[in-house]
Amino acid sequence: MSPTDSYRKTIRIVLADRAGDAPGASAIAEAAIGTWQQVAAQIVPVIGIGGANVLFNRSLHLTCTTFPWLTIPGDHRDSTVLLANLKEQLAGREPDAAAEASYTLLVTFIELLMSMIGDSLTERLLSSVWEPSSPPSEQENES
């Protein structure tokens, strides 16, 4: 299995896990934005905020060919506003469409990042992002 195939499977699982059981579009949007924020926190120290924004905008542009409703008008330099608009777009769709668009956008971003910095560095930078959420530990439950 190639690194890209591995990430595709992992991304789908992690997004679904973070959205919860039988999620609505709002939960899917929340999971997607939370994941984007984690990805950004890991890559910005390496490629800078400008590099992260360029990759995100390129990924969004490419994803909009499949999901034209995901097009976000306006200035894309402010990542906070862009993510808020993305969240709004995703939350306003049917859950299946929101989930597939979120997945496609993240996969496109990861593939562009891999082509820029390599598979190995991408894997090392983002490994903590893909860790599934875990239930509280027994010690936390006993408190």
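At what angle do H2 and H4 pack, and how far apart are their axes? In this predicted model, the two helices pack at an angle of about 20°, and their axes lie 9 Å apart. Because angles under 35 degrees count as roughly parallel, H2 and H4 are therefore roughly parallel to each other. The crossing in which H2 passes H4 is left-handed. The residues that form the contact of H2 with H4 comprise 23 nonpolar, six polar and one charged.

This pair belongs to a protein chain with six helices and zero strands. Read from the N terminus, the order of elements is accordingly α-α-α-α-α-α. The chain has 143 residues, of which 35% count as buried. Among contacts between residues at least 6 apart in sequence, 73% join residues at least 24 apart.

The interior can be considered next. The largest nonpolar core contains 42 residues, and Leu86, Leu126 and Trp130 are those with the most contacts inside it. At least two residues of this core come from each of helix H1 (3-19), helix H2 (25-63), helix H3 (79-91), helix H4 (95-117) and helix H5 (119-126). The helix that gives the most is H2, with 14 residues.

H2 also meets H5. The axes of these two helices come within 9 Å and cross at roughly 130°, a value that makes H2 oblique to H5. The crossing of H2 and H5 is right-handed. On the H2 side, the contact is made by Val39, Gln42, Ile43 and Val46, and on the H5 side by Leu121, Leu125 and Leu126. By class, the residues of the contact of H2 with H5 are six nonpolar, one polar and no charged.

Leu126 links several of these descriptions. This leucine is among the residues with the most contacts inside the largest nonpolar core, and it is one of the H5 residues in the contact with H2. When its neighbours within four places in sequence are left aside, leucine 126 is in contact with Tyr7, Val39, Gln42, Ile43, Ile110 and Leu113.

Serine 127 lies in the loop between H5 and helix H6 (138-142). Is serine 127 buried, partly exposed or exposed? Its relative accessibility is 41%, so serine 127 counts as partly exposed. Serine 127 and valine 39 are separated by 88 residues in sequence, while their C-alpha atoms are 9.7 Å apart in space. Valine 39 is itself one of the H2 residues that make the contact with H5.

Technical notes. Residues are numbered from 1 along each chain as its sequence is written. This is a predicted model: local features need pLDDT of at least 70, side-chain atom pairs count only at pLDDT 80 or more; totals for chains, interfaces and linings use all residues. Side-chain values use heavy atoms; hydrogens and water are left out. A nonpolar core is a set of buried Ala, Val, Leu, Ile, Met, Phe, Trp, Tyr and Cys residues joined through side-chain atoms within 4.5 Å. Buried means under 20% relative accessible area, exposed over 50%, partly exposed in between (1.4 Å probe, protein chains only). Helices (H or I, at least four residues) and strands (E, at least two) are DSSP runs, numbered from the N terminus. Contact means heavy atoms within 4.5 Å. Axes are lines fitted to C-alpha atoms, for helices over the stretch in contact, and angles run from 0 to 180 degrees between N-to-C directions. Angles under 35 degrees count as roughly parallel, over 145 as roughly antiparallel, 65 to 115 as roughly perpendicular and the rest as oblique. A crossing is left-handed if the near helix is turned anticlockwise from the far one by less than a right angle, and right-handed if clockwise. Ala, Val, Leu, Ile, Met, Phe, Trp, Tyr, Cys and Pro count as nonpolar, Asp, Glu, Lys and Arg as charged, and the others, Gly among them, as polar.
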